[in-house]
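Trainee: Could we go through a protein model together? I would like to learn how each label is earned.

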Amino acid sequence: MHLSENLFWDVDKSDLSYEKHSGFIIARVFTKGDWSDFKQVLNYYGRDKCLSALKNTRYLDPKTLSFCSHYFGIDKSEFRCFRERQLSPAPWNY
């Protein structure tokens, strides 16, 4: 895969394994990647593995969560990040 350089600015790319770190890579691409990155990850890992990784991710921003919910055709409540956010709301909601 030839993913955008800016996706992994905070990690050493030489230590990144596509198989060992698949959950991290999938979540990062869905959160910060462009359309080309998105298509590459779907082609490489497949729809089922991407969905599984995203459902078990601890954090997705609200926009990415909505996109994933719509794209895969499942309810937001099936995502771990959504359930955990509901369990620990912010102390003040302005």
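Mentor: Gladly; we will take the labels one by one, and please keep in mind that this is a predicted model.

Trainee: Let's start with the cysteines. How do you know that Cys68 is in no disulfide?

Mentor: A disulfide needs two cysteine sulfur atoms within 2.5 Å. The cysteine sulfur nearest to that of Cys68 belongs to Cys81, and it is 8.2 Å away. Cys81 has Cys68 as its nearest cysteine in turn, at 8.2 Å, and is in no disulfide. The structure as a whole holds zero disulfides.

Trainee: What makes Cys68 and Cys81 count as buried or exposed?

Mentor: Buried means under 20% relative accessible area. Cys68 has 0%, so Cys68 is buried. Cys81 has 2%, so Cys81 is buried too.

Trainee: Now the charged side chains. Why is the pair Asp10 and Arg28 called a salt bridge?

Mentor: The cut-off is 4 Å, from a side-chain nitrogen of Lys or Arg to a carboxyl oxygen of Asp or Glu. For Asp10 and Arg28 the N to O value is 3.0 Å, so the pair qualifies. A search of the whole structure finds six salt bridges, and this is one of them.

Trainee: What does the pair Asp10 and Arg28 tie together?

Mentor: Asp10 sits in the segment before helix H1 (22-32), while Arg28 belongs to helix H1, so the salt bridge ties together parts that are 18 residues apart in sequence.

Trainee: Which label, buried or partly exposed, fits Asp10, and which fits Arg28?

Mentor: Partly exposed lies between 20% and 50%. Asp10 has 39%, so Asp10 is partly exposed. Arg28 has 13%, so Arg28 counts as buried.

Trainee: How do you know that Lys55 forms a salt bridge with Glu78?

Mentor: Their closest N and O atoms are 3.4 Å apart, and the limit is 4 Å. This pair links distant parts of the chain, 23 residues apart: Lys55 is in helix H3 (residues 47-55), and Glu78 is in the loop between helix H4 (62-72) and helix H5 (80-87). Lys55 has a relative accessibility of 26%, so Lys55 counts as partly exposed. Glu78, at 35%, is partly exposed as well.

Trainee: What separates Arg80 from Glu84 in helix H5?

Mentor: About one helical turn, because they are four residues apart in that helix. Arg80 and Glu84 form a salt bridge, with closest N and O atoms 2.9 Å apart. Arg80 is partly exposed at 23%, and Glu84 is partly exposed at 30%. Salt bridges that share partners join Arg58, Arg80 and Glu84 into one network.

Trainee: Let's turn to the nonpolar core. Which residues of the largest one touch the most other members?

Mentor: The largest nonpolar core has 22 residues, and those touching the most other members are Ile26, Phe30, Val41, Cys50, Leu54, Phe72 and Phe79. H1, helix H2 (35-45), H3 and H4 each supply at least two residues of this core. Leaving aside neighbours within four places in sequence, Phe79 is in contact with several residues, among them Leu54, Leu65 and Cys68.

Trainee: One last label. Why is Thr57 called buried?

Mentor: Thr57 has a relative accessible area of 12%, which is under 20%, so Thr57 is buried. Thr57 lies in the loop between H3 and H4. Not counting residues up to four places away in sequence, Thr57 touches Ala27, Arg80 and Cys81.

Terms used
Residues are numbered from 1 along each chain as its sequence is written. This is a predicted model: local features need pLDDT of at least 70, side-chain atom pairs count only at pLDDT 80 or more; totals for chains, interfaces and linings use all residues. Side-chain values use heavy atoms; hydrogens and water are left out. Buried means under 20% relative accessible area, exposed over 50%, partly exposed in between (1.4 Å probe, protein chains only). A nonpolar core is a set of buried Ala, Val, Leu, Ile, Met, Phe, Trp, Tyr and Cys residues joined through side-chain atoms within 4.5 Å. Contact means heavy atoms within 4.5 Å.
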